[in-house]
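Please look through the structure below with the sequence at hand. The paragraphs that follow move from strands to a buried side chain, then to aromatic rings and charged pairs.

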Amino acid sequence: MGEQPIFTTRAHVFQIDPTTKKNWVPASKQAVTVSYFYDSTRNSYRIISVDGTKVIINSTITPNMTFTKTSQKFGQWADSRANTVFGLGFASEQQLAKFAEKFQEVKEAAKLARDKSQEKIETSSNHSQESGRETPSSTQASSINGTDDEKISHGGPVDTQLKSENDRLKTALAQGSTNAKKWETELQTLRDSNARLIDALQESASNVEQWKKQLAVCKEESDQLRNKITELEAQCAEANLEKERNVQLGVRVRELESELQEKEQELESLRKQAEIIPQLMEECESVSQKLQAAERKNKDLEDRMETLRADIDESHHKQGHLKVELKKFLDVLDGKIDELHEFRQGLSKLGIDN
């Protein structure tokens, strides 16, 4: 069947800078496809990513690998065979979580596959050791001193046992040779992968140099653009200052025009008022005469007011005296009324007695 994809996602691929071992170097200009592949023939798992025709990730998963989440959307793992550290930047936290879960599953599956292969190797080695141990004993059994009849009678089972042991040895050797071929194939595959990775690393190193040169050129261009922008900003600032000054001058001119119009109106009103000043003077003289007459009248009225006030005070005094007299009269009247009341009561008693 060969290799088959079992999980696919998209992410931005990064590799650790081989010189500093600290900075990340982008391996893809944009988000690319990153897939888990399972090889049923070799019972192995790989993470593969291709950008166009360039292989940027070719990492075989081993049980010793660990995928680490360094942020909400970024994760990394180290590949000792490729002698680098891969980093993936995802569009969301959910994609990172799914990739990490799949990495753990693949890691466990790779561990189980390694344990099974070790068990097979130990089993085949044990079979070969047992066969090596049993063969001398069977040969020794065939060489036991005895009669020819006994040799003839024991010859058949011994040959059968030897054949079965030989068959088992052949099977073990065939399996060993098959495993050796598989290991040689895997070794060759690993060598090819390493060669491709070395080429990719060399290509990435050359790309890094080119990117550094391009970055230096871009920095120079950006510095020039920044200087131009600074000059343009200074010019724009001066132009804005001139505009503000012009606006302020325009506002001031409009204010002066409005003030001039107001002054002209005031001057016109003053001229009109100057024309009526003689008439106002005459009116003022007549008003002053009237005022003097009114003052004389006011003086007479004040004298009359004083006289009236004196009369009022005298009348108030008389009223007070009359109130006292009236009170005395009322008191005498109340006494007389009481006497009349008593007299009436006495008369009514006399009438009742009669």
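**From paired strands to charged helices**

In this predicted model, strand E6 (residues 68–69) pairs with E7 in the antiparallel sense, over two bridges. Within this pairing, Thr68 stands opposite Gln76 in E7, and the two strands E6 and E7 form a hairpin with four residues between them. On to the next pairing: E7 and strand E8 (residues 84–89) also run in the antiparallel sense, pairing over six bridges, and here Phe74 stands opposite Gly89 in E8. The hairpin of E7 and E8 has four residues between the strands, and in this hairpin Asn83 takes a positive phi near 55°.

Strand E7 also holds Asp79, which raises a question about its charge. Which side chain of opposite charge is nearest to Asp79, and how far away is it? That side chain is Arg81, at 5.7 Å, and Asp79, although buried, has no salt bridge. The reason lies in the cut-off, because a salt bridge requires a side-chain nitrogen of Lys or Arg within 4 Å of a carboxyl oxygen of Asp or Glu. What the side chain of Asp79 does have is a polar contact of 2.7 Å with the side chain of Ser59. When its neighbours within four places in sequence are left aside, Asp79 is in contact with Asn58, Ser59, Thr60, Met65, Thr84 and Phe86.

Phe86 leads on to the aromatic rings, since ring pairs link it with Phe7, Tyr36, Phe67, Trp77, Phe90, Phe99 and Phe103 into a cluster. Across the whole structure, a search finds 12 aromatic pairs. One of them is formed by Trp77 and Phe99, whose rings are tilted, with 6.3 Å from centre to centre and 35° between the planes. This pair links distant parts of the chain, for Trp77 belongs to strand E7 (residues 74–79) and Phe99 to helix H1, 22 residues apart. Are these two rings buried or exposed? Trp77 is buried, with a relative accessible area of 1%, and Phe99 is likewise buried, at 0%.

The charged pairs of the helices come next. In general, side chains of opposite charge can pair when their charged atoms come close. The structure holds eight salt bridges, and among them is the one between Lys102 and Glu105, whose closest N and O atoms are 3.5 Å apart. Both Lys102 and Glu105 lie in helix H1 (residues 93–142), where they are three residues apart, about one turn of the helix. Glu105 is partly exposed, with a relative accessible area of 47%.

Further along, Glu242 and Arg245 meet through their side chains in a salt bridge of 3.2 Å, N to O. These two residues lie in helix H2 (residues 148–275) and are three residues apart, about one turn of the helix. Glu242 is partly exposed at a relative accessible area of 40%, and Arg245 counts as partly exposed at 47%.

Helix H3 (residues 277–353) contains both Lys318 and Glu314, which are four residues apart, about one turn of the helix. Their side chains meet in a salt bridge, with 3.7 Å from N to O. Lys318 has a relative accessible area of 48% and is partly exposed, while Glu314, at 43% relative accessibility, also counts as partly exposed.

Technical notes: Residues numbered from 1 in each chain as written. Predicted model: local features only at pLDDT ≥ 70, side-chain atom pairs only at ≥ 80, totals over all residues. Heavy atoms only, no water. Buried < 20%, exposed > 50% of the residue type's maximum accessible area, 1.4 Å probe, protein only. Phe/Tyr/Trp six-rings, centres within 6.5 Å; stacked < 30°, edge-to-face > 60°. Lys, Arg positive; Asp, Glu negative; His and termini not counted. Polar contact = N/O pair within 3.5 Å; in protein donor to acceptor, adjacent residues only side chain to side chain. Contact = heavy atoms within 4.5 Å. Pairing = 2+ DSSP bridges.
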